[in-house]
Amino acid sequence: QVQLVESGGGLVQPGGSLRLSCAASGFTFSMYAMNWYRQAAGKERELVATISNAGGITNYADSVKGRFTISRDNAKNTVYLQMNSLNLEDTAVYLCKATRRVTGREYWGQGTQVTVSS
């Protein structure tokens, strides 16, 4: 059974930091690129960051570049999102997604809420 379980969300003040984790099981994690998305209330889902299956290539949305860092540990089947200098606009549900382009397969987690508020 495929599972992606996000954790690490919560309430943080502007300027603060959070580290999200996404633990994967039920598929060969090291064969999949991993992505973090976010969806704020009333807005469309937005791709935040992507990391290649081996971790050598990363990409970020302009809105988070320089503040967020995506990383992965294939030995632990886990992808991370380090979020620094958080601002009110970062408030959203953050979801991870696994993708494998050659097969077209993708898997989604359920998400974790991040709220930035003073």
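A residue counts as buried when its relative accessible area is under 20%, and Cys96, at 0% relative accessibility, is therefore buried. This is a predicted model, and the points below follow Cys96 and its partner, then the nonpolar core, and then the largest pocket.

**The disulfide**

- The structure has one disulfide, which joins Cys22 to Cys96 with a distance of 1.9 Å from S to S.
- The link brings together distant parts of the chain, since Cys22 sits in strand 3 (residues 18-25) and Cys96 in strand 9 (residues 92-100), 74 residues apart.
- The link of Cys22 and Cys96 is right-handed, with 50° about the S-S bond.
- Cys22 is also buried, because its relative accessibility is 0% and the cut-off is under 20%.

**The nonpolar core**

- The largest nonpolar core holds 30 residues, and the members that touch the most others are Leu4, Trp36, Leu81, Met83 and Tyr94.
- Among the elements that give two or more residues to this core are strand 3, strand 4 (33-39), strand 8 (78-83) and strand 9.
- Leu4 touches both cysteines of the disulfide, Cys22 and Cys96, and its other contacts beyond four places in sequence include Phe27, Met34, Tyr107 and Trp108.

**The largest pocket**

- The largest pocket encloses about 260 Å³ of space, and of the 13 residues that line it, Ala33, Thr50, Ser52, Thr99 and Arg101 lie nearest its centre.
- Strand 4, strand 5, strand 6 (58-60) and strand 9 each supply at least two residues of this lining.
- By character, the lining divides into four nonpolar, seven polar and two charged residues.

Technical notes. Residues numbered from 1 in each chain as written. Predicted model: local features only at pLDDT ≥ 70, side-chain atom pairs only at ≥ 80, totals over all residues. Heavy atoms only, no water. Disulfide = S-S within 2.5 Å. Helix = DSSP H or I, 4+ residues; strand = E, 2+ residues; numbered from the N terminus. Buried < 20%, exposed > 50% of the residue type's maximum accessible area, 1.4 Å probe, protein only. Core = buried A, V, L, I, M, F, W, Y, C linked by side-chain atoms within 4.5 Å. Contact = heavy atoms within 4.5 Å. 1 Å grid on protein atoms, 1.4 Å probe; cavity = no way out; pocket = protein on both sides within 12 Å on 5 of 7 lines; lining within 4 Å. Points joined across faces, edges and corners; volume = space filled by probe spheres on them. Nonpolar A, V, L, I, M, F, W, Y, C, P; charged D, E, K, R; others polar.
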